[in-house]
Structures are given as C-alpha cells and as structure tokens.
Amino acid sequence: MGYRERLRVPAAWWLIGLFFAVSFVTAVGFYISGLVSVIAGALTVVGVASFLVWYGSAQVVVDERGLSAAGSVLEWSWLGTATARGADATRRRLGPEADHRAYLVIRGYIATAVELAVNDPDDPHPYWLVSTRAYFAISDRSRQTSVKLCCLTSTLRMRRMRSMP
C-alpha cells in the first residue's frame, strides 16, 4: 500500500504558455518575416511545453522507503509529525513563519501543503514543506487539520514496526 501524487501543472498554465508562444510568433512575424516567425513559434512552443512538463513532473510518494518528494527521500526513521497546512497556513509558513533552512517542494498552483518534521539532528533541514492536493480535515478541536499523507505514513510506519523482529 502506498500513495503517489504527481504535482501536474493546471490547464490554465498551458493556455498561458500557448498565448505566450502566439504573442512571440506575432511579434517576430511583424518584425522579421513569416518563415522565421513560424520557426521561432515552433521552438517557443517546444520550449514552453518542455518546461511545463518538467515542472509538473514532481511527485509525492509514500511507500516502504519513506516519503519522497521531487526525488528526495525522507526515510521512516527520520520522519517526525506531519501537519496539514491549508492555503492560509501554507502562505504564512512560506512567509513570516518560514525557516530558511526548510526543504521546500512547493508548486504555486497548489495552495495546500503538508509540513513534515525531520527527526535527524544531522540534517540541515528542520522540516519539509511539500505541496499536495490530497488532504482532508478532521473535526477534532484539539488537533489541526490532518493530512492523507499523515494517515498513510502512520499506517506504513505501523506495518513496518510490526514486521521488525
């Protein structure tokens, strides 16, 4: 059992990229010539599409190794508490409440995040702040919003502890 989420770029960003390419083609076409405009437009479309595919390829994965975000892995033995961050809390955690040493996997088009405490004294990052769309609220006054990642983390951690001798 695990969890996998790809932090894909929304369709609106693709439209903005398309409008950028069309604007560039139009500007080059008026200034130079039609053929150069078409070549420049094709190169611009390929460049914008490549960037958007690359930027949207980051993944959040919870599995037997631990939690990985954008290729970096936080192993179970070093994972502390997971705290959900709604849109406002994420904004504050990225702004006035931020720690410059934090490890960030943030995508601006995803308003919510999960904060993962790091229990490794040798790690320079006190916590990870990772964008995620998958979270849900628990109506318990004494707790903050919980996160699907936190629940999966706890489940996998318990399974790992049961399998240990």
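How much of the accessible surface of the protein belongs to carbon and sulfur atoms? The share is 61%, out of about 10,100 Å² in total. Keep in mind throughout that this is a predicted model.

**Figure 1. The whole chain, with its four helices and eight strands.**
Reading from the N terminus, the elements go β-α-α-β-β-β-β-α-β-β-β-α. The protein has 165 residues, and 38% of them count as buried. Now for the contacts: take those in the protein with a separation of 6 or more, and 65% of them come from residues 24 or more positions apart.

**Figure 2. The antiparallel sheet, an open one built from β1, β2, β3 and β4.**
The four strands sit in the order β1-β2-β3-β4. At the edges are β1 (3-6) and β4 (72-75), each of which pairs on one side only. From one strand to the next, the twist averages 10 degrees. Zoom in on β1 and you find it joined to strand β2 (residues 59-63) by four bridges, with the two running antiparallel. For a handy landmark here, look for R6, which stands opposite Q59 in β2. As for what holds such arrangements together, strands of a sheet pair through backbone hydrogen bonds, either parallel or antiparallel.

**Figure 3. The mixed sheet, an open one with the strand order β5-β7-β8-β6.**
This sheet has four strands, and its pairing is mixed. Its edge strands are β5 (79-85) and β6 (103-105), and each pairs on one side only. Ignoring direction, neighbouring strands are turned by 15 degrees against each other on average. β5 pairs with strand β7 (residues 113-118) in the antiparallel sense, over five bridges. One spot to pick out is R85, whose bridge partner in β7 is A113.

**Figure 4. Helix α3 packing on the mixed sheet.**
Helix α3 (residues 87-94) touches β5, β6, β7 and β8 (127-131). Its direction makes about 120 degrees with that of β5. Which residues of α3 are buried? They are A89, T90 and R93. Around the axis they cover an arc of only 100 degrees, so they end up on the same side of α3. Helix geometry in general is worth recalling here: an α-helix has 3.6 residues a turn, so residues three or four places apart point the same way. The strands that the buried residues of α3 pack against are β5, β7 and β8.

**Figure 5. L116 and its surroundings in strand β7.**
Is L116 buried or exposed? L116 is buried, because its relative accessible area is 1%, and the cut-off for buried is under 20%. Leaving out residues up to four places away in sequence, L116 touches L67, L74, L79, T81, A82, Y127, W128 and V130. If you want a distance to check in your viewer, try the C-alpha atoms of L116 and P126: these residues are ten apart along the chain, and the atoms are separated by 8.8 Å.

**Figure 6. A network of salt bridges linking R85, R93 and E115.**
The background is simple: side chains of opposite charge can pair when their charged atoms come close. R85 forms a salt bridge with E115, and their closest N and O atoms are 2.8 Å apart. With R85 in strand β5 and E115 in strand β7, the pair ties together parts that are 30 residues apart in sequence. Both R85 and E115 are buried.

What about the other link of E115, the one with R93? This is a salt bridge too, and here the closest N and O atoms are 2.8 Å apart. E115 lies in strand β7 and R93 in helix α3, so this pair ties together parts that are 22 residues apart in sequence. R93 is buried, and so is E115. It's worth flipping back to Figure 4 at this point, where R93 is listed among the buried residues of α3.

**Figure 7. The D99 and R101 salt bridge.**
How many salt bridges are there in the protein? The count comes to five, and one of them joins the side chains of D99 and R101. The N to O distance is 2.8 Å. R101 has a relative accessibility of 42%, so it counts as partly exposed.

Terms used. Residues numbered from 1 in each chain as written. Predicted model: local features only at pLDDT ≥ 70, side-chain atom pairs only at ≥ 80, totals over all residues. Heavy atoms only, no water. Buried < 20%, exposed > 50% of the residue type's maximum accessible area, 1.4 Å probe, protein only. Contact = heavy atoms within 4.5 Å. Areas by Shrake-Rupley, 256 points an atom, 1.4 Å probe, with all protein chains shown as cover. Pairing = 2+ DSSP bridges. Axes fitted to C-alpha atoms, helices over the stretch in contact; angles between N-to-C directions. Arc of directions from axis to C-beta. Salt bridge = Lys/Arg side-chain N within 4 Å of Asp/Glu carboxyl O.
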